[in-house]
Amino acid sequence: MAEPTATELLSSDVPDAGEPFGYQRLLGMRITEWQEDYAVIELVIGEQHLNRSGIVHGGVLTSLLDTALSLAGLYCPEPGQVRKGMTLSLTSTFIAPARSGVLRAIGRRRGGGRSTFMSSGEVLDAEGNVVAMGEGTFRVRRASQSQTGEPA
């Protein structure tokens, strides 16, 4: 089976996930799974994601973690509604290099309350090896603290 192209990855297969936004679109991210307390983001590695050593830049890996971890706590089951948040803290640990293929960031909400939550997760390479892991604390924006979100 051929790997998806960056263009194919820009459209989400997840109902009501919406299109990638701003920075996520720039990097080529795609939401592939999203449900309560869980999110998966994928990205096809391109030349633009590599550093001078020919491996994926740590900023790309951290961006994948930030997106997956935050979305894990912002799922909204109401069609057309969204929950918005912001990152309060984020730590990342780089474990192995990635050079090509598809990266898969998995985020899981681990706890918290209505306005602040914690998530953790990892980035896997195409073979399923962990290349980075992280954890973060996120705040749900006041207008979208309700489980039903706010108007899109």
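This passage looks at model confidence, aromatic pairs and one contact between distant residues in a predicted structure.

Confidence is a good place to start. The mean pLDDT of the chain is 86, and 80% of the residues reach at least 70. Among the elements of the chain, strand β6 (residues 116-124) has the highest mean pLDDT, at 98, while helix α1 (residues 6-9) has the lowest, at 40. Residues 1-11 have a pLDDT below 50, and this stretch makes 23 contacts in the model beyond near neighbours in sequence. A word of caution fits here: where pLDDT is low, the predicted coordinates should not be read in detail.

Turning to the aromatic side chains, 2 aromatic pairs are counted. One joins Trp34 and Tyr75, whose ring centres lie 5.8 Å apart; the planes meet at 80 degrees, over the 60 required, so this pair is edge-to-face. Trp34 sits in strand β1 (residues 29-35) and Tyr75 in the loop between α3 (58-72) and β3 (81-82), so that the pair links parts of the chain 41 residues apart. Trp34 is buried, at 17% relative accessible area, whereas Tyr75 is partly exposed, at 22%.

Phe117 and Phe138 form a stacked pair, because their planes are 25 degrees apart, with 5.4 Å between the ring centres. Phe117 belongs to strand β6 and Phe138 to strand β7 (residues 130-140), and 21 residues separate them along the chain. Both phenylalanines are buried.

Another link between distant parts of the chain involves Val102, in strand β5 (residues 102-112). Its C-alpha atom is 6.0 Å from that of Ile45, although the two residues are 57 apart along the chain. Val102 counts as buried because its relative accessibility is 14%, under the 20% cut-off.

How values were computed
Residues are numbered from 1 along each chain as its sequence is written. Side-chain values use heavy atoms; hydrogens and water are left out. Helices (H or I, at least four residues) and strands (E, at least two) are DSSP runs, numbered from the N terminus. Buried means under 20% relative accessible area, exposed over 50%, partly exposed in between (1.4 Å probe, protein chains only). pLDDT is the predictor's confidence in each residue, from 0 to 100. Contact means heavy atoms within 4.5 Å. Rings of Phe, Tyr and Trp (its six-membered ring) pair if their centres lie within 6.5 Å; planes under 30 degrees apart count as stacked, over 60 as edge-to-face and the rest as tilted.
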